[in-house]
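Me: I'd like to practise reading a structure feature by feature. Could you take me through one, starting with single side chains and working up to sheets?

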Amino acid sequence: MRTWKWMLTAFLLVTLSAMAQQSADQSSTSSAVQANAAGSQTATTPAPTTQPAASQAANPAAGSASTAAPTTMDQVVDRSIVREHALMDMLKTRTPLVETYLQNLKSDQKLGPVPSEDHYFLGRLDLGEAVDRRDYLSKDESFEKNLLGGVSKLFKFEYKPMGFSWMIFADREDFDRGHYSFKYVRREFLGDVRCLVFDVTPKKDAGKGRFLGRIWVEDQDYNIVRLNGTYAPRPKNAMYFHMDSWRLNLIPGYWVPAYIYSEEGDFSYGAKDKMAFKAQSRIWGYDLKKGGKEDELTSLRVDSVKDETPSTTDASPLEAQRQWQQQAEDNVVERLQESGLVAPDGEVDKVLQTVVNNLIVTNNIDLPRPVRTRVMITSPLETFSVGNTIVVSRGLIDVLPDEASLAMVLSHELAHIVLGHNLGSKFAFNDRMLFSDESTYNNFGFRHNPDEETAADAKAMELLKNSPYAQKLDVPSLFLKELSERAPSLNALLTAHLGNSFTNDKGQLVRLSALATSGPALDANKLDQIAALPMGGRVKLNAWNDRVELTKSAPVAITSARDKMPFEVTPFFPRLSRLTSDGNTGNATSASNTAPSN
Ligand SMILES: [Zn+2]
């Protein structure tokens, strides 16, 4: 029995380390992105208004034109305009989550541009008549204030989260031939999908804040699948970011906005940029409110009159206590999934579960209830446990270099469970589940006190030393060293929202610091030493139904210390493919080791 589990471990190790580097697509196409961004620096005199004229957006989405195949590029443009309005219409009632993680950059002689500080925003988009946003983390601001890409105060740039979500659509109000000129560029494959590429420029006097850049239109239904550019002209004292916005074919007939990459700044000699940053925005939870619950109700049947659970006796006090904890655990996990913060049980959980089982079996741990694992969809590096469920954030799984590091992360939470540091039993009361999704972070919290943290760390070391990972702790140790070194500039990434952070208020590593002080020394020049991965390299998220799975990108050779980019934001380059008839999409599954042609 045990040996079989070990073999599965070995298999996972190969899978995980195969993904230890970035996808080939990112590097091979970034030049195209840059060239285009550089080409969109046009500026003209300010025009009268930035105010969104709500509700007058024409909606010519009637499917009349969608039968005959277009024969001219003009017809393709017309069709793509119709499809863009159809998408806006379809998403009108949706309120997906949107997360932006931003790293300000400074220049490092050896490593190139590196993060100097970071910012994190998490909110919910309302895709109604105008695009609006409610924040999970701070007090909301009015739509107008959030409208601009980044309003600069006199001394300091202030990022407006809304600015990063703008390129969900090219132009929510006036995406039509009256306001824009379209120029055909070429055909190009994005992943498996053949696209027609157009440059889009606002017409003279089209007004402020119009889309300026390039669109990729797939050649079957003529939906826009990618937008790249900025908005122009920019108002005084504000600027619009450059954005690269990707959509995925997650439901039949539509390509849903999923990723937006933003970048500003120039580190070439003599450049005078005051601001340099890279930011990733992710959108998900489009289908949250539906969630299949209505179906459940309409298909309610009465065939199971009697509860068929095996227990025939009353619960003893200890059993009652355990059932109570189970109830709290179920409530919390379900509520977090409803809020769009935790992914449904899936493929990644099986990987986490296997690693947890390796720790449990080799340590002869006997628990009354099974340990379960779930993935929190957000980027900040955090873990927590509620009852016997261990939750690990997507951002953390993304940056872990190997399976032993994953075991290191899980061992700390397993230690809490083994030591009986149970938190959150108050959530067995259902009234405590009744709050708005945006206030989840104010209503939930699973932080242990410092004594319990110290005890869990000690126990975690013990668990690891008895496990199959005992001889593989060099990499986890390097991971913690890298994290420790980068911590001062990654405050937002290291701020846990529900659990304990890896670092304290001063940015010092507190989690498993004993492991961080042992093992080999961190050396950026050693190219075979991968201590931590860039953000976003491991877990793929289905923006429509929140399911997560591991990416399958092929490893790319690291040729310099600059290629390592630990904890850093990189551009998105999802491999696009069409939804297949069985409901699977290649977007979230297929390997991304083939560079786009052309
Ligand atoms: Zn802890």
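Me: Let's begin with one side chain: is F241 buried or exposed?

Reply: Happy to start there, and keep in mind that this is a predicted model. The idea is to compare the relative accessible area with a cut-off, and under 20% means buried. F241 has a relative accessibility of 1%, so it counts as buried.

Me: Which residue does F241 form an aromatic pair with, and what is the geometry?

Reply: For ring pairs, look at the distance between centres and then the angle between planes; over 60 degrees counts as edge-to-face. F241 pairs with F277 at 4.9 Å centre to centre, with 80 degrees between the planes, which is edge-to-face. F241 sits in the loop between strand 10 (238-239) and strand 11 (242-251), while F277 belongs to strand 13 (residues 277-284), so the pair ties together parts 36 residues apart in sequence. F277 is buried too, at 0% relative accessibility.

Me: How many aromatic pairs does a search of the whole structure find?

Reply: The search finds 15. Among them is Y184 with F198: the ring centres are 5.7 Å apart and the planes make 65 degrees, so this pair is edge-to-face. Y184 lies in strand 6 (residues 180-190) and F198 in strand 7 (residues 193-202), so parts 14 residues apart in sequence are tied together. Their surroundings can be read from the accessible area: Y184 is partly exposed at 32%, whereas F198 is buried at 2%.

Me: How do strand 6 and strand 7 pair?

Reply: Here you read the sense of the pairing and the number of bridges. Strand 6 and strand 7 are antiparallel over ten bridges, and S181 stands opposite T201 of strand 7. Their hairpin has two residues between the strands, and G191 there takes a positive phi near 65 degrees. Strand 7 also pairs with strand 8 (residues 210-218), antiparallel over six bridges, with C195 opposite E218.

Me: What is the order of strands in the open sheet of three?

Reply: The order tells you who neighbours whom: here it is 14-16-15, with mixed pairing. Strand 14 (372-376) and strand 15 (383-386) are at the edges with a single partner strand each, so one side of each has no neighbour in the sheet. On average, neighbouring strands are turned by 25 degrees against each other, direction ignored. Strand 15 and strand 16 (residues 389-393) pair antiparallel over four bridges, and F384 faces V391 of strand 16 as its opposite residue.

Me: Which helix lies across strand 14, strand 15 and strand 16?

Reply: That is helix 7 (residues 317-338), running at about 25 degrees to strand 14. Helix 8 (residues 347-362) also packs on the sheet, touching strand 14 and strand 16, and its direction makes about 135 degrees with that of strand 14.

Me: Which residues form one aromatic cluster?

Reply: The cluster consists of F384, F427, F435, F444 and F446. A ring can also have a charge over it: the charged end of R335 sits over the ring of F435, 4.5 Å from its centre. Elsewhere, R83 has its charged end over the ring of Y254, 5.1 Å from the centre.

Me: Which residues coordinate the zinc ion?

Reply: For a metal site, list the donor atoms and then their spacing. H412 (NE2), H416 (NE2) and E453 (OE) coordinate the zinc ion at 2.0 to 2.1 Å, with the spacing H-x3-H-x36-E along the chain. H412 and H416 are both in helix 10 (residues 403-418), four residues apart, about one turn of the helix. H412 is buried at 1% relative accessible area, and H416 is buried at 0%.

How values were computed
Residues numbered from 1 in each chain as written. Predicted model: local features only at pLDDT ≥ 70, side-chain atom pairs only at ≥ 80, totals over all residues. Heavy atoms only, no water. Phe/Tyr/Trp six-rings, centres within 6.5 Å; stacked < 30°, edge-to-face > 60°. Buried < 20%, exposed > 50% of the residue type's maximum accessible area, 1.4 Å probe, protein only. Lys NZ or Arg CZ within 6 Å of the ring centre and 35° of its normal. Pairing = 2+ DSSP bridges. Donors = N, O, S within 2.8 Å, 3.2 Å for Na, K, Ca; no water. Axes fitted to C-alpha atoms, helices over the stretch in contact; angles between N-to-C directions. Contact = heavy atoms within 4.5 Å.
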